[in-house]
Amino acid sequence: MPKDLEEYKEQRDFQQSSEPSADKKVGASEEQQFVIQKHDASNLHYDFRLQLENRLLSWAVPKGPSTDPSEKRLAIRTEDHPLAYANFEGRIAEGNYGAGTVLIWDKGHFENKRAQKQDSTSLKASLEEGKIEVCLHGEKLQGGYLLIRTQEGQQEKWLLKKMKDKAADARRKPTSTEARSVVSGDTLKEIQEKTND
Ligand code: MN
């Protein structure tokens, strides 16, 4: 199943949705971006996205990321999103794919840890292999995170796990205690209210 930008485009009507279209050109940035968007759709989840060239590799994480290295979080691979999506916060109108409110829960840049090792593995090769190791430099999340593919096929299943390092903290529960957007400072409810027409 293709997880590329074609799938993103097919699922959306950009006349109806305020989400960015996939054609918008984005300037090259030296740092690879990551974003985690809290998405109050039919099921509340967190979309974890990592930049690979001009696209954002994407996973839907129902429980969101944890800072506790003993916790494994299910991450379902979804279609790639355009880079501009990293700045999207707002509401996807009723009747559209993914209808609901999107909040930028965390944002920053990341490094591919496997590229720094002896057998230097690119992010693309890590994706194909099903084992991604990144170091996040976000406002809420920092340090190593591991993504491991546990099921291939139509719906790829992965696990997202905090790696043991200085930023690991079993007691911190950022998904419950740090609910606001890192961009607007708003809560989901406040974004909903602002975008109500
Ligand atoms: Mn989503």
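Here are some short exercises, with worked solutions, on a predicted model of a protein chain.

**Exercise 1: The overall fold**

Task: Work out how many helices and strands the protein chain has, and in which order its elements run.

Solution:
- Step 1. Start with the count: the secondary structure comprises four helices and nine strands.
- Step 2. Now walk along the chain from the N terminus, and you read α-β-β-β-β-β-β-α-β-β-β-α-α.
- Step 3. Next, look at how the chain is packed. Its radius of gyration is 16 Å, close to the 16 Å that the globule rule gives for 197 residues, so the chain is as compact as a globular protein of that length.
- Step 4. For the outer dimensions, picture a box of roughly 55 × 35 × 30 Å along the principal axes, filled by the C-alpha atoms.

**Exercise 2: Inside the chain**

Task: Find what percentage of the 197 residues count as buried, then look at I132 as an example.

Solution:
- Step 1. Across the protein chain, 49% of the 197 residues count as buried.
- Step 2. Locate I132 in strand 7, which covers residues 131-138.
- Step 3. Buried means under 20% relative accessible area. The value for I132 is 0%, so I132 counts as buried.
- Step 4. Leaving out residues up to four places away in sequence, list what I132 touches: L50, W59, L123, S126, L127, Y145, L146, L147 and W158.
- Step 5. Compare sequence with space. I132 and L160 are 28 residues apart in sequence, while their C-alpha atoms are 9.5 Å apart.
- Step 6. Finally, return to the chain as a whole: among contacts with a separation of 6 or more, 58% come from residues 24 or more positions apart.

**Exercise 3: The manganese ion**

Task: Name the protein donors of the manganese ion and decide whether H39 and H45 are buried or exposed.

Solution:
- Step 1. The donors are H39 through ND1, H45 through NE2 and D47 through OD, and they lie 2.2 to 2.3 Å from the ion.
- Step 2. Write their spacing along the chain as H-x5-H-x1-D.
- Step 3. Apply the limit for buried, which is under 20%. H39 has 8% relative accessibility and therefore counts as buried. H45, at 14%, is buried too.

**Exercise 4: The largest pocket**

Task: Describe the largest pocket by its volume and its lining.

Solution:
- Step 1. The volume of the largest pocket is about 390 Å³.
- Step 2. The pocket is lined by 22 residues, of which H39, H45, D47, A60 and T78 are the closest to its centre. Do you recognise three names? H39, H45 and D47 are the protein donors of the manganese ion.
- Step 3. Sort the lining by class: nine residues are nonpolar, eight polar and five charged.
- Step 4. Trace the lining back to the strands. Strand 1 (32-40), strand 2 (44-52) and strand 4 (72-82) each supply at least two of its residues.
- Step 5. Take a closer look at T78, which sits in strand 4. With a relative accessible area of 18%, T78 is buried. Its contacts, not counting residues up to four places away in sequence, are K3, S58, W59 and A60.

**Exercise 5: A loop residue**

Task: Find where E53 lies and whether E53 is buried or exposed.

Solution:
- Step 1. E53 belongs to the loop between strand 2 and strand 3 (55-61).
- Step 2. Check the backbone angle: E53 has a positive phi of about 55 degrees, although E53 is not a glycine.
- Step 3. Exposed means over 50% relative accessible area. E53 reaches 54%, so E53 counts as exposed.

Conventions: Residues are numbered from 1 along each chain as its sequence is written. This is a predicted model: local features need pLDDT of at least 70, side-chain atom pairs count only at pLDDT 80 or more; totals for chains, interfaces and linings use all residues. Side-chain values use heavy atoms; hydrogens and water are left out. On a 1 Å grid over the protein atoms alone, a cavity is a set of points where a 1.4 Å probe fits but cannot get out, and a pocket is an open set with protein on both sides within 12 Å along at least five of seven lines; lining residues have an atom within 4 Å of a point. Grid points are joined across faces, edges and corners, and a volume is the space filled by probe spheres set on the points. Ala, Val, Leu, Ile, Met, Phe, Trp, Tyr, Cys and Pro count as nonpolar, Asp, Glu, Lys and Arg as charged, and the others, Gly among them, as polar. Donors are N, O and S atoms within 2.8 Å of the metal (3.2 Å for Na, K and Ca); water is not among the atoms, so sites may look incomplete. Buried means under 20% relative accessible area, exposed over 50%, partly exposed in between (1.4 Å probe, protein chains only). The radius of gyration is taken over C-alpha atoms; the globule rule is 2.2 Å times the number of residues to the power 0.38. Contact means heavy atoms within 4.5 Å.
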